[in-house]
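Visitor: I would like to go through a structure and ask why things are called what they are called.

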Amino acid sequence: MNRLILKYGRSLTAVILAVFAWVIYRRIASGDGIIPLVIAAAIVWALGAPAFIYLWPRLTVNGYKRAITKHGFGDGPVPVNTLYAVPGTSSPSTSRGSLMATGADDLLYVGGWLDLSNGPQVLHVPDMAGRYFSVQFTDASKSTNFAYVGKRTTGTKAGDYVLSGPGWKGTVPNGMTQISSPTHSALVIGRVFVESESDLPIAYALAKQIQLAPLKQ
């Protein structure tokens, strides 16, 4: 839906304005006046804009949750706290990667839904040996990214990251880094760079090693 809005935003706006202009014209032509229409439009705007701003991020991210946990990326539903690596580079025409596709043909995607209500999870990333990769965490309540793991933020060496929910007071094991989530739910999207077609098996093997597991105290 976001992709459609970005692609056809101007056309949709033009259509809406044209319809609104036609309604105004009809009211003027019929002698009903436009004051009631202006008042109604103002009320709709005053109530609708805050509701849209508040609800749209939640609807968008939770749409990902339903798609991931009920349909997955072509091989069936992806359980909560499980990351699935799409086996091929994503593009708008690739069915398995279409859920997270952005048009890039040099990236492998990893996706899943994080639930910390029963305790922290540990994100493991393998040694990428300088390869670009990233794992982003998106707050389900605000649709904002609150943390990144990857080449530009944490480097490309192997690492383990404790993902904890609000109010968690446990101990972070030695050698691990804590990432605090503002809520108990988050969308997880990872990307792994693919240099060429011959590099795809290597990149996919690395992408599959980006995994979640419960923290054992």
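The talk below covers a salt bridge, burial and a sheet.

Guide: This is a predicted model, where local features need pLDDT of at least 70, side-chain atom pairs count only at pLDDT 80 or more, and totals for chains, interfaces and linings use all residues. Residues are numbered from 1 along each chain as its sequence is written, and side-chain values use heavy atoms, with hydrogens and water left out.

Visitor: Why is the pair Asp-199 and Arg-131 called a salt bridge?
Guide: The term asks for a side-chain nitrogen of Lys or Arg within 4 Å of a carboxyl oxygen of Asp or Glu. In this pair the closest N and O atoms are 2.7 Å apart, so the pair fits the definition.

Visitor: Which parts does the pair tie together?
Guide: Asp-199 lies in the loop between strand S8 (185–193) and helix H3 (200–208), and Arg-131 in the loop between strand S3 (121–125) and strand S4 (133–139), so parts 68 residues apart in sequence are tied together. Helices (H or I, at least four residues) and strands (E, at least two) are DSSP runs, numbered from the N terminus.

Visitor: Is Asp-199 buried or exposed?
Guide: Buried means under 20% relative accessible area, exposed over 50%, and partly exposed in between (1.4 Å probe, protein chains only). Asp-199 has 9%, so Asp-199 is buried. Arg-131, at 15%, counts as buried too.

Visitor: What makes S1 and strand S2 (residues 107–115) a pair?
Guide: Two strands pair if DSSP finds at least two bridges between them. S1 and S2 have two bridges, in the antiparallel sense, so they pair.
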